[in-house]
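Please read the following points with the sequence and the coordinates at hand. They concern the ligand shell, the nonpolar core, one helix and two backbone angles.

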Amino acid sequence: MFEDIPVDVSPMHEGERIRSANMFVELAGPKSIGAELVQVKDSVEDGKVEVIGPEISEMEQGQIYPFAINVEIAGSELEEELESVIERRLHELCNYVQGFMHLNQRDQIWCRVSTEARDAGFMLEHLGKALSVLFREEFPIIESISVTIMTDEDAVKEFLETAREKYEIRDSRARELSDEDVDVFYGCLMCQSFAPTHVCIVTPDRTALCGAINWFDCRAAYKMDPDGPIFEIQKGDVIDPEKGEYENVNAAVAENSQGTTERVYLHSVFGYPHTSCGCFEAVAFYIPELDGIGIVNRDFRGETPLGIPFSAMAGQCSGGKQVEGFSGLSLEYMRSPKFLQADGGYSRIIWMPKDLKESVIDFIPEDLRDKIATEVDATSIKELRRFLREKEHPVLERAPAEVEEAEVVEEEETHAEEAPVTEGIPVMASPEISLPAAGGFRIILKNAKIYAEKVIIKRK
Ligand code: SF4
């Protein structure tokens with residue numbers, strides 16, 4: 001089937017990771033631009049594969065290039081609503097190609113080609129051919145398909161604009177519905193290939209955490225393939241409307257996570273938050289010192305006020321884990337009226353990167369817009385506390401008196417021995433803390449929350 005492709009094409013290569021040591025080139029990703037899109041058309045020149053821009057043979061070792069994949073499909077049973085779900089399969093199918101690694105989705109894609117693949121004569125044209133055949137196989141309703149791959153910077157830039165317009169049309173459509181308007185939610189198991197216990201729950205108010213699949217997309221996918229990775233969940237009885245806990249959702253998650261996760265709150269990071277696979281566009285994280293929540297998105301390269309970047313945080317809560325205080329989410333969910341509603345929604349959000357804040361500014365209540373700090377206002381807990389106090393952020397009304405006491409102690413440069421002993425101040429929460437112990441052992445604390453009777457803050 002793939003005789004004219006010089007590398008193997010098979011699901012067995014799906015987990016292949018291409019590290020810098022054996023990377024020939026990087027395509028798109030955080031240091032460049034890129035996008036992927038599947039579009040349903042009335043007619044398409046079947047089997048056409050085009051590469052616009054430099055091919056692998058014209059690229060230089062270790063360089064980073066813009067990259068885009070545009071797939072056009074036609075078929076009498078194809079509907080526009082299916083585009084997102086078919087597009088989401090690009091991740092999996094690209095990874096079938098030995099020596100080609102694809103991460104993320106939409107305009108967040110990040111790909112690499114290995115040195116071995118280059119040496120074998122692999123070209124982007126081969127990727128296009130493989131996708132063309134694989135998509136036809138996976139989706140028999142595709143009657144004709146063409147694949148265009150772009151590495152030319154101007155072409156990718158132009159395509160990126162088209163792709164973003166298309167994403168926005170898809171996303172805004174889903175904003176018209178709310179969880180109360182439907183009787184059915186959907187589950188998605190597509191990411192179980194790398195996060196075996198992860199089950200995504202997709203509702204009108206909670207777009208999947210990859211940001212690529214909304215409730216309408218799931219409905220179309222289920223209609224097309226009822227035995228596929230997207231399945232129906234009758235909404236059934238609601239246990240807690242505020243937290244977004246449903247009897248049938250819990251049962252579906254328990255069944256499909258092999259009992260690993262038994263309860264899920266759709267709209268909270270506390271208690272039983274939604275599990276996180278690895279494709280999430282952003283992470284919500286609890287900041288115990290201030291009893292508030294921060295959000296960091298994949299594009300943000302700096303450190304959060306917790307002192308760690310997105311990548312470290314993602315590493316701690318991905319893989320299908322349910323980690324209290326952390327939840328992977330889509331940027332679109334931040335536009336939902338139910339966004340973390342059980343935790344206070346935006347009135348509990350105290351920090352997020354500037355670019356992210358700008359992209360969701362219209363969805364942040366007006367009176368809170370200047371009260372949420374960004375990296376420009378605060379890069380540490382100390383600076384964040386000062387900012388919140390200056391702006392009179394409502395979260396301060398929630399902050400335990402003990403934290404305020406600690407702040408006073410800090411400012412007076414005295415020791416906390418003078419502060420009253422209380423029931424305990426939350427000083428740290430982490431999905432995993434590893435401590436060295438005697439005899440060559442390590443003690444690993446899972447989902448640890450550390451409280452202290454006293455907080456002693458010393459000026460260096
Ligand atoms: S993140 Fe969720 S909705 Fe998106 S592909 Fe993975 S399992 Fe499906």
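1. In what follows, Ala, Val, Leu, Ile, Met, Phe, Trp, Tyr, Cys and Pro count as nonpolar, Asp, Glu, Lys and Arg as charged, and the others, Gly among them, as polar. This is a predicted model, in which local features need pLDDT of at least 70 and side-chain atom pairs count only at pLDDT 80 or more, while totals for chains, interfaces and linings use all residues. Numbering starts from 1 along each chain as its sequence is written.

2. The shell around the ligand (C-beta atom, placed from the backbone, within 6 Å) holds eleven nonpolar, no polar and one charged residues; among its members are Arg-88, Cys-188, Met-190 and Cys-277.

3. The largest nonpolar core (buried Ala, Val, Leu, Ile, Met, Phe, Trp, Tyr and Cys residues joined through C-beta atoms within 7 Å) has 120 residues, and Val-202, Val-283 and Ile-350 have the most contacts inside it. Strand 14 (residues 282-287; strands are DSSP E runs of at least two residues, helices H or I runs of at least four, numbered from the N terminus) gives the most to this core, with six residues.

4. Buried means 20 or more other C-beta atoms within 10 Å of a residue's own, exposed 12 or fewer, and partly exposed in between, with C-beta atoms placed from the backbone. The buried residues of helix 3 include Leu-124, His-126 and Leu-134.

5. Two non-glycine residues deserve a check of phi: Asn-104, near 70°, is buried, with 23 other C-beta atoms within 10 Å, whereas Gln-258, at about 55°, counts as exposed with 9 C-beta neighbours inside 10 Å.
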